[in-house]
Amino acid sequence: MLRSRLVTVVCNLCNPRYKMAGARCSSQYAAQLKAMSDSRPPTAWIDSQPASSQWQSQFAANGYLVIKDVLNDEELVVYREIYQKLMSGEIDSSAHRHDLGSHLKQNRPDQENVCQIMWPSLYVEDLRQGPLHQRTLAASKLLLGDDLAFDFDMLIAKGPETNTPTPWHQDESYWPNMPDKRAASFWVAMEETTLDNGCMWFAPRSHLQPVRPHRPAGEGAHILHCDASEDEGKPEPLVSGSCTIHHGRTLHYSRGNTTKTTRRGFITNFRPEAMVHWEREHGFDHGKKGLDQMDYSTAGDVYRNANTPKIKQATANTEPS
């Protein structure tokens, strides 16, 4: 098991199995999230997208896709507020929060190099019923089949002038060897993403090749990387409310944030419902029970040849400003 600097609790109003004494889950957004979903349901949202008929073929050919207008300006206000409360610690997510860039020297003493919060949907009641989760789920079904289901979600934020790259990798390297490898990850921009603040880069058609050899990015680090470079990739800047979608085998990375503003992404991941059940039956839940409970023996094969990773968790009041 992982050694952790913090012992905390987590709540999930939708699943009593994860509800512990003293935990707090925010219910103030539940009605608002449902109202936003009802006002622009997933089917109507897809129909409003001018190129939705081409999504499946483009995704199959390139291994990734860009979609605009997942969230409108009014909806973004709500999601940014939720994001801010999770980052500030007003909604305490410390059991699932850590520094994704802890394999490198911390660039600013007041914040993580790269803040990652796993499972935000555990902390905000009915977050999965909101437009972001519902629309990305509908898009995943259009891309990869009607049997796709929610697997996990997370937040990744790069604070001002933290300048920490996320190394080249393929998500599949983190996961156990499932019999059905269809998967789609949606990266929704809370604000504009650029080359300077760390927009996503992808290597087109890399999902058609085998997974490259991966290794920990540092001694005892859980973050993985592989040999790749910007020469084979393409940057995909986004306007706020838009998203990228990538296959589990697509090579991707992002530069560090050298600007004076924060770059925040809200990520949802989907795979066949049978494979979500397969993961859980094999003990793999993407850290749902808490990062200090993560059992890496159930994860990707690369971890079997490395020292047990240590996750550097962060205090709940650490916030990129």
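This report describes the secondary structure, sheets, helix packing and salt bridges of the protein shown above.

**Overall make-up**

The model is a predicted one, and the protein in it has six helices and 13 strands. Of its 321 residues, buried residues make up 56%. Among the contacts between residues at least 6 apart in sequence, 82% join residues at least 24 apart.

**The seven-stranded sheet and the helices on it**

Seven strands form an open sheet, in which the order is S1-S11-S6-S13-S4-S3-S2 and the pairing is antiparallel. Strand S1 (64–67) and strand S2 (97–99) stand at the edges, and because each has a single partner strand, one side of each is left without a neighbour in the sheet. On average, neighbouring strands of this sheet are turned by 20° against each other, direction ignored.

At the S1 edge, four bridges join S1 to strand S11 (residues 243–247), and these two strands run antiparallel. Within that region, Leu65 stands opposite Ile245 in S11. Helix H3 (residues 55–62) packs on the sheet, where it touches S1, strand S6 (184–189) and S11, and the direction of H3 makes about 140° with that of S1. Helix H4 (residues 73–88) also packs on the sheet, touching S2, strand S3 (115–118), S4, S6 and S13, and the direction of H4 makes about 100° with that of S13.

**The four-stranded sheet**

An open sheet of four strands has the order S5-S12-S7-S10, with antiparallel pairing. Strand S5 (166–169) and S10 are the edge strands, each of which pairs on one side only. From one strand to the next, the twist averages 25°. Inside this sheet, strand S7 (residues 200–202) and strand S12 (residues 252–254) run antiparallel and are joined by three bridges, and the bridge partner of Trp201 in S12 is Tyr253.

**Helix contacts of H5**

Helix H1 (residues 30–39) packs with helix H5 (residues 131–144) at an angle of about 40°, and their axes are 8 Å apart. At that angle, H1 and H5 are oblique to each other. On the H1 side the contact is made by Leu33, Met36 and Ser37, and on the H5 side by Pro131, Gln134 and Arg135. By class, this contact has three nonpolar, two polar and one charged residues.

Helices H3 and H5 pack at an angle of about 70°, with their axes 8 Å apart, which means that H3 is roughly perpendicular to H5. Here Trp55, Gln56 and Phe59 of H3 meet Ala139, Leu142, Leu143 and Leu144 of H5. The residues of the H3 contact with H5 divide into six nonpolar, one polar and no charged.

**Salt bridges**

Side chains of opposite charge can pair when their charged atoms come close. A search of the whole structure finds 22 salt bridges, among them the three pairs listed below.

| Pair | Closest N to O | Relative accessible area |
|---|---|---|
| Lys85 and Glu90 | 3.8 Å | Lys85 13%, Glu90 45% |
| Asp151 and Arg271 | 2.6 Å | Asp151 1%, Arg271 1% |
| Asp227 and Arg215 | 2.7 Å | Asp227 53%, Arg215 35% |

Asp151 forms a salt bridge with Arg271, the closest N and O atoms being 2.6 Å apart. Because Asp151 lies in strand S4 (residues 148–158) and Arg271 in strand S13 (residues 263–272), this pair ties together parts that are 120 residues apart in sequence. Asp151 counts as buried, and Arg271 is buried as well.

Asp227 and Arg215 meet through their side chains in a salt bridge of 2.7 Å, N to O. This pair links distant parts of the chain, with Asp227 in the loop between strand S9 (224–225) and strand S10 (234–236) and Arg215 in strand S8 (residues 215–216), twelve residues apart. Asp227 is exposed, as its relative accessible area is 53% and exposed means over 50%, whereas Arg215 counts as partly exposed.

In the pair of Lys85 and Glu90, whose side chains meet at 3.8 Å, N to O, Lys85 is buried, whereas Glu90 is partly exposed.

Some salt bridges join up beyond a single pair: Arg40, Asp69, Glu75 and Arg135 are linked in a network of salt bridges. Of these residues, Arg135 also takes part in the contact of H5 with H1.

Technical notes: Residues are numbered from 1 along each chain as its sequence is written. This is a predicted model: local features need pLDDT of at least 70, side-chain atom pairs count only at pLDDT 80 or more; totals for chains, interfaces and linings use all residues. Side-chain values use heavy atoms; hydrogens and water are left out. A salt bridge is a side-chain nitrogen of Lys or Arg within 4 Å of a carboxyl oxygen of Asp or Glu. Buried means under 20% relative accessible area, exposed over 50%, partly exposed in between (1.4 Å probe, protein chains only). Axes are lines fitted to C-alpha atoms, for helices over the stretch in contact, and angles run from 0 to 180 degrees between N-to-C directions. Angles under 35 degrees count as roughly parallel, over 145 as roughly antiparallel, 65 to 115 as roughly perpendicular and the rest as oblique. Contact means heavy atoms within 4.5 Å. Ala, Val, Leu, Ile, Met, Phe, Trp, Tyr, Cys and Pro count as nonpolar, Asp, Glu, Lys and Arg as charged, and the others, Gly among them, as polar. Two strands pair if DSSP finds at least two bridges between them.
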